[in-house]
Amino acid sequence: YGTQFYTIRMNSYVTLDTPTPSSDNITFGDDECSLLCNHNTKFPAVYYKIVVIRGNIQHTVLRRYSQFLYLCKKIDITERDNMHNKRHLPPKAGLFHRDSPEFLEERMEGLFKFLMDVLLMPECVNNKCVEAFLELSTSEENS
């Protein structure tokens, strides 16, 4: 992963009525990087689709807003020295805007910008939480 290049795309979202094992319960042997959505059990829920492309291989990762928030907090802890370089996440939804397609599109754009900013930080290139978030280890094992 450290010497390989990959591209990410994020241009769609999906609303699910129930949790999916692959999107909600992610651990890579390190409790510090668990992305368990803070035990959030509210459904239906919006998941943003992140397509990770490495060479001819690609996989899709579904992530909730709370998982982006958790990643942001983990990076704040592990990468304190460069916190000022990190763009902040878009705001959490209000009651009346949560299901609005316009709001979801704007939020997706903000989440993508946040993720791109994170990936451009040299300190985050080999960050275990970023690897877990994008399931980079899993895609390597499947290739």
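1. In this predicted model, the largest nonpolar core comprises 28 residues, and those with the most contacts inside it are Tyr 48, Ile 50, Phe 68, Leu 71, Leu 115, Val 130 and Leu 134. Two or more residues are given to this core by each of strand E1 (7-16), strand E2 (45-54), helix H2 (65-78), helix H3 (101-120) and helix H4 (128-134). The element that gives the most is H3, with eight residues.

2. Phe 68, a member of that core with many of its contacts, lies in helix H2. Its side chain deserves a look in the viewer. Because its relative accessible area is 0%, Phe 68 counts as buried. Setting aside residues up to four places away in sequence, Phe 68 touches Met 10, Tyr 48, Ile 50, Arg 63, Leu 89, Leu 111, Phe 114, Leu 115 and Phe 133. For one of these partners, Leu 89, the C-alpha atom is separated from that of Phe 68 by 7.9 Å, while the two residues are 21 apart along the chain.

3. Leu 71 is another of the residues listed with the most contacts inside the core. Once its neighbours within four places in sequence are left aside, Leu 71 is in contact with Phe 114, Leu 115, Cys 129, Val 130 and Phe 133. Phe 114, Leu 115 and Phe 133 appear among the contacts of Phe 68 as well.

4. Strands E2 and E3 pair in the antiparallel sense, over seven bridges. Within this pairing, Ile 50 stands opposite Val 61 in E3, and Ile 50 is also listed among the core residues with the most contacts. The hairpin formed by E2 and E3 has two residues between the strands, and in it Gly 55 takes a positive phi near 65°.

5. How many salt bridges does the model contain by the rule applied here? The count comes to one, and it joins the side chains of Arg 63 and Glu 135, with an N to O distance of 3.3 Å. Arg 63 lies in strand E3 (residues 57-63), whereas Glu 135 lies in the loop between H4 and helix H5 (136-142), so the pair ties together parts that are 72 residues apart in sequence.

6. Are the two partners of this salt bridge buried or exposed? Arg 63 is buried, with a relative accessible area of 0%, and Glu 135, at 13% relative accessibility, counts as buried too, because the cut-off for that class is under 20%. Arg 63 is in addition one of the residues that Phe 68 touches.

Terms used:
Residues numbered from 1 in each chain as written. Predicted model: local features only at pLDDT ≥ 70, side-chain atom pairs only at ≥ 80, totals over all residues. Heavy atoms only, no water. Core = buried A, V, L, I, M, F, W, Y, C linked by side-chain atoms within 4.5 Å. Buried < 20%, exposed > 50% of the residue type's maximum accessible area, 1.4 Å probe, protein only. Helix = DSSP H or I, 4+ residues; strand = E, 2+ residues; numbered from the N terminus. Contact = heavy atoms within 4.5 Å. Salt bridge = Lys/Arg side-chain N within 4 Å of Asp/Glu carboxyl O. Pairing = 2+ DSSP bridges.
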